[in-house]
Amino acid sequence: MTELVKKLHIYSGVAFGLALFLFGVVGVYATFAGSPREAPPVQGLRRVVDYTVDPNFTDPQLARAVFDHLNIPHVAPVPDYALARNDAGELRLDFYGPNGRTRVWVQEKANKLEVIEERNDLGHYLINMHASLLLHAPRTFAVMLWSAYVELSIFALLGFVISGLYLWLATRRQLRWAQVTFVLGSVGSIAIMVWVT
Amino acid sequence: MYKLLRDVHLGLGLFLAVGLFVYGFSALEMGHNFAFKWMIKERWDKVELQVPPDSFHKPRELAQLVRQSGLHGDLTQIQSSSTSLTLSMLTPGTRRTVTMQPGEAKAVVASMNKGPIWTMNRLHHAAGLWHDDPRLNAWGWFVLLCSVGLMLLGATGTWMWWTRLKERRLGMMLMIPATVVGSALLVLIRMS
């Protein structure tokens, strides 16, 4: 049993090492990235696209039609609850993906789409990628494949903790320093979580 | 060398076990939140604090007074008019709304918490050393410790795996495709 658990621990480590390394990198980046409230706004790249709006469309249908027409890589469709219009009556569509936000204003009278691409920096891209989960990910093959890898890595992380504790108890539980380390780490972690919340 | 790395790996893993488990569990919750919704319920508490009337004009000092009363949180928003002052203060899992009227010597603090599952979710999102609440900055250091620890666990584990000839071949068959495809996806999605 111990040998089997050890092999699972090792093999999942090498298989999911990339994602776990990314989790670590993102944590370090988030520590030093500074307050998001004070971050300078992302400069958008603006372009105008010709587009004739079908007058019979509802807003959700129009949002879907614009999504299909623009074919922006690796973004999710706009959910119905996020649809909004400005004072001029233009429909606003915000498409989110790991690379940032693409905002589209549907200018129905002018038969135009104003497209503003706000591409985030590498750090925020990595943050988005580490949080890319199947439930919320844009439905493109590359992102879905990556999300499946991240999802499995989460199970691997939980598995490492459980199998690591098992291996310690099964093979080296008598080590006094290890017992002290475990108690200190566990009590300290729980204490800071309670204290900060 | 192997023995030293094995002890470092064990020590780090044991010290960070609870922290890493909370990160993994909260990530699991985020990816499958439909299964946890029944456990997330709002709970409200309201308290009145005695504060100097001139705190109405000093929102940051008012936030400090609220913290000194044990109701800590990061000041995230100040809404001020001639008739009322409203502060929003956040901790991972708890949102506090502090309201005060001019000329009064009291502030009302309404706190909303959604329970431990939601709190873990918010802890997962909290990071950084820029907060005005020192407790959140302490948490930021803990996040850094977990992050560096996770990378060190990976590095020491990889080293130990490499020295174990028995597991090297199958390990390579798992590691190379996962790392190459994963890295390629990271680059391709960024480039598109």
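Two strands are taken as paired if DSSP finds at least two bridges between them. With that criterion in place, I turn to the structure before you, which is a predicted model.

I begin with chain B and its strand pairing. Strand β1 of chain B, residues 43-50, pairs with β5(B) in the antiparallel sense, and 8 bridges link the two. Within this pairing, B:Q50 is the residue opposite B:K106 of β5(B). Strand β5(B) also pairs with strand β4 of chain B, residues 94-100; that pair is antiparallel and has 6 bridges. Here B:T99 faces B:V108 of β5(B). The hairpin formed by β4(B) and β5(B) has 5 residues between its strands, and B:G103 adopts a positive phi near 85 degrees there.

Why is strand β5 of chain B described as largely enclosed by the rest of the structure? The strand covers residues 106-113, and 7 of its 8 residues are buried, so the rest of the structure largely encloses it. The cut-off behind that statement is a relative accessible area under 20%.

One residue of chain B merits individual attention. B:T76 belongs to strand β2 of chain B, residues 74-80. Is this residue buried, partly exposed or exposed? Its relative accessible area is 26%, so B:T76 counts as partly exposed. Its C-alpha atom lies 5.7 Å from that of B:M89, although the two residues are 13 apart in sequence. When neighbours within four places in sequence are set aside, the contacts of B:T76 are B:S88, B:M89 and B:L90 in chain B, together with A:R37 in chain A.

I now consider chain B as a whole. It contains 5 helices and 5 strands, arranged along the sequence as α-β-α-β-β-β-β-α-α-α. Its radius of gyration is 23 Å, whereas the globule rule gives 16 Å for 192 residues; chain B is therefore more spread out than a compact globule. Its C-alpha atoms occupy a box of roughly 75 × 40 × 35 Å along the principal axes. Of its 192 residues, 48% are buried. Among contacts with a separation of 6 or more, 56% involve residues 24 or more positions apart. The exposed area of chain B is about 9,900 Å², with 66% of it supplied by carbon and sulfur atoms. As for charge, chain B has 20 positive and 12 negative charges, whose mean positions are 12 Å apart.

I come next to chain A. Its inventory is 5 helices and 5 strands, and from the N terminus its elements follow α-β-α-β-β-β-β-α-α-α. What is the order of the strands in its open sheet? The 5 strands are ordered β1-β5-β4-β3-β2, with antiparallel pairing. At the edges are β1 (45-50) and β2 (84-85), each of which pairs on one side only. Strand β4 of chain A, residues 100-107, and strand β5 of chain A, residues 112-119, form an antiparallel pair with 8 bridges. In that pair, A:R101 is opposite A:E118 of β5(A).

The overall dimensions of chain A conclude the presentation. Its radius of gyration is 23 Å, against a value near 16 Å for a compact globule of 197 residues. The box filled by its C-alpha atoms is roughly 75 × 35 × 25 Å. Buried residues account for 45% of the 197 in this chain. Chain A exposes about 10,600 Å², of which carbon and sulfur atoms supply 64%. Finally, its 17 positive and 16 negative charges have mean positions 13 Å apart.

Key:
Residues are numbered from 1 along each chain as its sequence is written. Chains are lettered from A and ligands numbered from 1 in the order in which they are written. This is a predicted model: local features need pLDDT of at least 70, side-chain atom pairs count only at pLDDT 80 or more; totals for chains, interfaces and linings use all residues. Side-chain values use heavy atoms; hydrogens and water are left out. Helices (H or I, at least four residues) and strands (E, at least two) are DSSP runs, numbered from the N terminus. The radius of gyration is taken over C-alpha atoms; the globule rule is 2.2 Å times the number of residues to the power 0.38. Buried means under 20% relative accessible area, exposed over 50%, partly exposed in between (1.4 Å probe, protein chains only). Accessible areas come from the Shrake-Rupley method with a 1.4 Å probe; for residues, only the protein chains shown count as cover. Lys and Arg count as positive and Asp and Glu as negative; His and the chain ends are not counted. The place of a charge is taken as NZ of Lys, CZ of Arg, CG of Asp or CD of Glu. Contact means heavy atoms within 4.5 Å.
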